[in-house]
Amino acid sequence: MLAVLCCNFTACSKPRINNAPTNTDITAENNRNRLICENSDSIFYFNYTTIKKLSKDDNSIHDVFTSDDIIEGLEYFNNRLYCKTDNGKNLISMDTNGENVISNDISAVLGEVKPSSYYVFDNNIYLQTMDASVIYKVNTDTLDIELVNIDIKNKFILSEENIFVLKKGDDNKKQIYKQDESGDLVLFSKENGGGVGFVNFTDDYVFYTVNNDDFTSAKLFRVKLDGSNIEVIKEINPRYEKLSILYDANYIYLMDNDKEYWKINKNTLEKSNIISMIDLNDLSYEIANEMLFYTFTDLYYINTCTGEKADL
């Protein structure tokens with residue numbers, strides 16, 4: 001079932017760039033509840049008890065795996081898929097064809113704790129509660145989990161030379177710090193206001209927002225990893241005073257207000273308003289490969305290049 005929406009917006013990058021996430025694209029809080037995940041070839045999603053994959057080449061859909069229980073969350077890591085079932089008590093892992101399946105009951109370790117999301121950090125996969133107050137490291141060979149005490153929510157390891165930390169300063173406002181050669185943290189973001197909110201990294205840039213003092217508006221910045229060439233990309237007036245911002249490998253997507261939903265090219269900073277194709281009543285969505293995946297009762301996607309909308 002396919003519906004085409006007519007919209008005026010900037011066309012996609014040409015030639016089409018592979019938009020699969022890299023290590024620097026999955027370090028911030030984006031899509032961690034995971035309706036979808038992706039590799040270089042496919043976008044993976046689940047529909048109740050079945051994991052499916054959508055080809056990036058021709059949009060064909062194939063079944064990958066069917067569970068006896070309802071699937072809760074999905075993640076891709078090191079050529080394997082991970083999901084939870086049975087109210088989070090059971091972990092399942094498989095290859096991207098649904099083969100070589102591993103399953104493990106983790107209820108005895110969890111006790112009353114219910115991890116809500118996945119997190120990929122420093123070449124490991126973790127389960128965490130929504131506020132990251134309880135974190136388990138997943139053994140990818142056995143799916144055993146181990147309670148760990150590390151900060152995976154606010155530390156961003158891009159390389160040995162580029163390690164960033166998001167933490168509160170003396171004024172109790174969150175700022176970005178960068179680790180220097182001696183291991184000390186040096187203030188990286190120096191803008192006045194209510195502190196840093198959203199953060200995203202690429203191989204060349206840091207993107208981040210700074211709220212104003214009363215949190216009714218914000219500014220989106222881009223700066224090189226060495227701290228040079230800082231630019232204000234956009235001033236934002238969030239809808240419902242809550243910033244809605246996502247990203248994929250090449251674009252940032254932000255809902256500014258009821259009349260503006262911006263798609264921003266990370267390299268050129270070219271902006272296009274794609275509000276005419278977005279249904280603002282469906283607020284649960286994720287992004288991959290320049291497609292917005294929505295869920296209200298069913299799952300569907302909107303191609304932000306063509307305006308095509310399809311049920312899944």
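Student: What makes strand 4 (residues 50-55) largely enclosed by the rest of the structure?

Tutor: This is a predicted model. Six of the six residues of strand 4 are buried, so the strand is largely enclosed by the rest of the structure. Buried here means under 20% relative accessible area.

Student: Which residues cover the two faces of strand 4?

Tutor: In a regular strand the side chains alternate between the two faces of the sheet. On one side of strand 4 stand Thr50, Lys52 and Leu54, and on the other Ile51, Lys53 and Ser55. These residues are all buried, and both faces are thus covered.

Student: How do you know that strand 3 and strand 4 pair?

Tutor: Pairing requires at least two bridges, and strand 3 and strand 4 are joined by six, in the antiparallel sense. Within this pairing, Phe46 stands opposite Ile51 of strand 4. The hairpin of these strands has two residues between them, and Tyr48 takes a positive phi near 65° there.

Student: What shows that strand 4 also pairs with strand 5 (residues 61-66)?

Tutor: The threshold is again at least two bridges, and strand 4 and strand 5 have five, also in the antiparallel sense. Lys52 stands opposite Asp63 in strand 5. Five residues lie between the strands of this hairpin, in which Asn59 takes a positive phi near 65°.

Student: Which residues have the most contacts inside the largest nonpolar core?

Tutor: They are Ile51, Leu81 and Phe293, in a core of 38 residues. Strand 3 (residues 42-47) supplies the largest share of this core, namely four residues.

Student: Why is the pair of Tyr205 and Phe207 called edge-to-face?

Tutor: A pair of aromatic rings is described by the distance of the centres and the angle of the planes. The ring centres of Tyr205 and Phe207 are 6.2 Å apart, within the limit of 6.5 Å. Their planes stand at 65°, and an angle over 60 degrees counts as edge-to-face. Both Tyr205 and Phe207 are buried.

Student: What makes the pair of Tyr251 and Tyr253 tilted?

Tutor: The angle between the planes of Tyr251 and Tyr253 is 50°. Planes under 30 degrees apart would be stacked and those over 60 edge-to-face, with the rest counted as tilted. The centres of Tyr251 and Tyr253 are 6.3 Å apart, and both residues are buried.

Student: Where does Lys263 lie with respect to Tyr251?

Tutor: Lys263 lies over the face of Tyr251, at 4.5 Å from the ring centre; the distance limit for such an arrangement is 6 Å. Lys84 likewise lies over the face of Tyr118, at 4.8 Å from the ring centre.

Student: Why is one side of strand 10 (117-121) and of strand 13 (145-148) left without a neighbour in the sheet?

Tutor: The sheet is open, with four strands in the order 10-11-12-13 and antiparallel pairing. Strand 10 and strand 13 stand at its edges with a single partner strand each, so one side of each has no neighbour in the sheet. Neighbouring strands of this sheet are turned by 35° against each other on average, direction ignored.

Student: How do you know that strand 11 (residues 124-128) pairs with strand 12 (residues 135-138)?

Tutor: Three bridges join strand 11 to strand 12, and at least two are needed. The strands run antiparallel, and Gln128 stands opposite Ile135 in strand 12.

Notes. Residues are numbered from 1 along each chain as its sequence is written. This is a predicted model: local features need pLDDT of at least 70, side-chain atom pairs count only at pLDDT 80 or more; totals for chains, interfaces and linings use all residues. Side-chain values use heavy atoms; hydrogens and water are left out. A nonpolar core is a set of buried Ala, Val, Leu, Ile, Met, Phe, Trp, Tyr and Cys residues joined through side-chain atoms within 4.5 Å. Buried means under 20% relative accessible area, exposed over 50%, partly exposed in between (1.4 Å probe, protein chains only). Rings of Phe, Tyr and Trp (its six-membered ring) pair if their centres lie within 6.5 Å; planes under 30 degrees apart count as stacked, over 60 as edge-to-face and the rest as tilted. A charge sits over a ring if NZ of Lys or CZ of Arg is within 6 Å of the ring centre and within 35 degrees of the ring normal. Axes are lines fitted to C-alpha atoms, for helices over the stretch in contact, and angles run from 0 to 180 degrees between N-to-C directions.
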